[in-house]
Amino acid sequence: MASKAPKKANLLDHHSIKHILDESVSEVVTSRGFVEDVRLSNVRLLIGAIIIVIALFAQFYKKKFPENRDFLIACIALYVIFNGLLQLIIYTKEKNAILFTYPPVGSFTSTGLVVSSKLPRFSDMYTLTIAGADPKSISANDQVHFTKSVTQWFTKDGVLVEGLFWKDVEALIVQYTKEPKKSK
């Protein structure tokens with residue numbers, strides 16, 4: 001970790017701060033043996049590609065406007081449906097998630113993690129939450145989270161003190177993995 005260039009954020013831009021923290025969280029989680037699950041991202045990319053193809057067909061169809069009216073109406077309807085589906089997936093499945101994982105290799109759990117974060121606008125309080133990817137699974141633990149001020153992880157120059165942040169994130173992962181199973 002010492003050979004890497006330090007991560008620096010613009011302390012006046014909460015998006016920059018959140019991006020660096022989220023990127024570091026992903027590094028910590030994957031370093032603990034969790035492999036990123038990109039299936040949902042791939043589904044979103046596929047739906048986005050379908051939307052683009054629909055728009056291209058509507059734009060470059062061989063007939064001109066008055067003759068292709070029904071075709072354009074169908075394309076517009078499909079465009080709206082697929083965009084609605086994409087927004088539904090983002091709203092219901094993704095929420096504030098920054099990382100989905102598979103279960104660690106060799107573990108007895110059958111569910112991975114969903115790691116999500118929040119850094120509200122005009123606030124310095126960063127909330128990190130770890131939950132099971134399938135909360136209904138018998139092997140999923142209760143979600144754990146912490147809310148701390150970002151000022152304890154950044155120097156006055158905007159450099160992330162990775163050691164402190166990694167320690168806090170690793171403690172949260174340990175808390176989740178050691179958490180007793182939910183009683184049904």
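Start with Asp22 and Lys18. They sit four residues apart in helix H1, so about one helical turn separates them. Their side chains meet in a salt bridge, 2.6 Å from N to O. Keep in mind that this is a predicted model. Asp22 has 11% relative accessibility, so Asp22 counts as buried.

Next pair: Lys7 and Glu23. Here the salt bridge is 3.9 Å, N to O. The cut-off is 4 Å, so this pair counts. Lys7 lies in the segment before helix H1, residues 14-31, and Glu23 lies in H1 itself, so the contact ties together parts 16 residues apart in sequence. Are the two partners buried or exposed? Lys7 is at 11% relative accessibility and counts as buried. Glu23 is partly exposed, at 35%.

That pair also belongs to something wider. Lys7, Glu23, Glu27 and Glu162 are linked in a network of salt bridges.

Third pair: Lys148 and Asp168. The closest N and O atoms are 3.2 Å apart. This one links distant parts of the chain, with Lys148 in strand E4, residues 144-149, and Asp168 in helix H4, residues 162-178. The two are 20 residues apart. Lys148 is partly exposed, with a relative accessible area of 28%. Asp168 is at 18%, so Asp168 counts as buried.

How many salt bridges are there by this rule? Seven. As background, side chains of opposite charge can pair when their charged atoms come close.

Now to helix H3, residues 69-94. What should its 26 residues span? At 1.5 Å a residue, 38 Å. The end C-alpha atoms are 36 Å apart, which agrees.

Which residues of H3 are buried? Leu72, Cys75, Leu86, Ile89 and Glu94. Note that the list includes a glutamate, Glu94. The cover over these buried residues includes helix H2, residues 39-60, and strand E1, residues 97-100. After H3 comes Lys95, and its phi is positive, near 50°.

Last, the annotation. An unreviewed UniProt entry places the feature "transmembrane region" at residues 41-59 and at residues 71-91. What does the model show there? Residues 41-59 are 100% helix and 0% strand, with end C-alpha atoms 27 Å apart. Residues 71-91 are also 100% helix and 0% strand. Their end C-alpha atoms lie 30 Å apart.

To recap: seven salt bridges by this rule, a network through Lys7, Glu23, Glu27 and Glu162, and an H3 whose span agrees with the expected value.

How values were computed. Residues are numbered from 1 along each chain as its sequence is written. This is a predicted model: local features need pLDDT of at least 70, side-chain atom pairs count only at pLDDT 80 or more; totals for chains, interfaces and linings use all residues. Side-chain values use heavy atoms; hydrogens and water are left out. The expected span of a helix is 1.5 Å times one less than its number of residues. Buried means under 20% relative accessible area, exposed over 50%, partly exposed in between (1.4 Å probe, protein chains only). Contact means heavy atoms within 4.5 Å. UniProt positions are given in the numbering used here, feature names are shortened, and annotations may be inferred rather than shown by experiment.
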